[in-house]
Amino acid sequence: RSRPPSREYERWFRTLNDSAPATSESAADMGSAARGRLVIISGPSGVGKTTLLGRVMEMSPLPLAFSVSAPTRRPRPGERDGVNYYFLTDDEFHRRRQQGEFIECFEVFGTGAWYGTLSSEVAPSLEAGKWVVLEIDVDGAQAAGKEYPDAVTIFVRPGSLEQLERQL
């Protein structure tokens with residue numbers, strides 16, 4: 001069932017359109033004409049980032065590509081390597097981290113599990129004119145923003161702490 005876009009989507013979409021490169025081409029034709037932009041969406045767990053992004057990915061006329069993160073944790077039921085995440089061993093993750101292959105990477109909540117965004121996942125899509133979307137935590141957003149200072153950054157916040165607690 002189709003619903004009208006939420007206010008959060010409308011604000012986010014307006015941000016994307018306002019920051020899109022000004023050209024005489026339509027958004028759909030921008031893919032090969034211009035370098036893409038990095039779009040970073042962050043916010044607390046349970047705030048609705050994934051739901052919001054799903055709607056944006058369906059409705060946006062921009063050539064969007066979702067970046068797949070790389071964690072050191074084991075796959076959960078239904079998750080597939082290369083689709084949901086790139087599951088790396090601890091050794092492989094830290095070797096790639098030392099080689100500077102991540103735009104951002106952090107240990108999550110002291111669990112020993114690391115998550116990161118591989119440069120190889122982002123750069124080729126940007127060069128192809130796609131707008132690459134990262135859904136990452138606040139620390140990751142700050143680090144990625146340093147690597148890509150022209151990124152569009154969006155923080156999704158709950159209406160209230162009580163609302164966030166109910167959602168979690």
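In which sense do strand β1 and β7 pair, and over how many bridges? Select strand β1, residues 38–42, together with β7: the two pair in the parallel sense, over four bridges. The model on the screen is a predicted one, and the tour returns to its confidence at the end.

**First stop: the β1 and β7 pair**

Keep both strands selected and display their residues. Isoleucine 41 has isoleucine 154 of β7 as its bridge partner. Serine 42 stands opposite phenylalanine 155, again in β7. Strands of a sheet pair through backbone hydrogen bonds, either parallel or antiparallel.

Now show the side chains of β7 alone, residues 152–155. Val152 and Ile154 point to one face and are buried. Thr153 and Phe155 point to the other face and are not buried. This alternation follows a general rule: in a regular strand the side chains alternate between the two faces of the sheet.

**Second stop: the whole sheet**

Extend the selection to β2, β6, β1 and β7. These four strands form an open sheet in the order β2-β6-β1-β7, with parallel pairing. β2 and β7 are the edge strands, each pairing on one side only. Turn the view to look along the sheet: on average, neighbouring strands are turned by 20° against each other, direction ignored.

Next, add helix α4, residues 119–127. Helix α4 lies across β1, β2 and β6, and runs at about 150° to β6, which spans residues 131–135.

**Third stop: serine 67**

Select serine 67, in the loop between β2 (64–66) and β3 (70–71). Is this residue buried or exposed? Serine 67 counts as buried because its relative accessible area is 4%, which is under the 20% limit for that class. Leaving aside neighbours within four places in sequence, serine 67 is in contact with Thr117, Glu121, Val122, Val132, Val133 and Leu134.

**Fourth stop: helix α2**

Select helix α2, residues 49–59, and colour its buried residues: Lys49, Leu52, Leu53, Arg55 and Val56. They lie on the same side of α2 because they cover an arc of only 160° around the axis. On the other side of α2, Thr50, Thr51 and Glu58 are exposed. In general, an α-helix has 3.6 residues a turn, so residues three or four places apart point the same way.

**Fifth stop: the complete chain**

Zoom out to view the protein chain, which has six helices and seven strands. Read along the sequence, the pattern is α-β-α-β-β-α-β-β-α-β-α-β-α. Of its 168 residues, 40% count as buried. The chain exposes about 10,000 Å², and carbon and sulfur atoms supply 48% of that area. Among contacts between residues at least 6 apart in sequence, 65% join residues at least 24 apart.

**Last stop: confidence**

Finally, colour the chain by pLDDT. The mean is 82, and 79% of the residues reach 70 or more. Confidence is highest in helix α3, residues 90–98, at a mean of 97, and lowest in helix α1, residues 7–19, at 51. Over residues 1–6 the pLDDT is below 50, and this stretch has six contacts beyond near neighbours in sequence. Residues 20–32 also have a pLDDT below 50, with 17 such contacts in the model. Where pLDDT is low, the predicted coordinates should not be read in detail.

How values were computed. Residues numbered from 1 in each chain as written. Predicted model: local features only at pLDDT ≥ 70, side-chain atom pairs only at ≥ 80, totals over all residues. Heavy atoms only, no water. Buried < 20%, exposed > 50% of the residue type's maximum accessible area, 1.4 Å probe, protein only. Pairing = 2+ DSSP bridges. pLDDT = per-residue confidence, 0-100. Contact = heavy atoms within 4.5 Å. Arc of directions from axis to C-beta. Axes fitted to C-alpha atoms, helices over the stretch in contact; angles between N-to-C directions. Areas by Shrake-Rupley, 256 points an atom, 1.4 Å probe, with all protein chains shown as cover.
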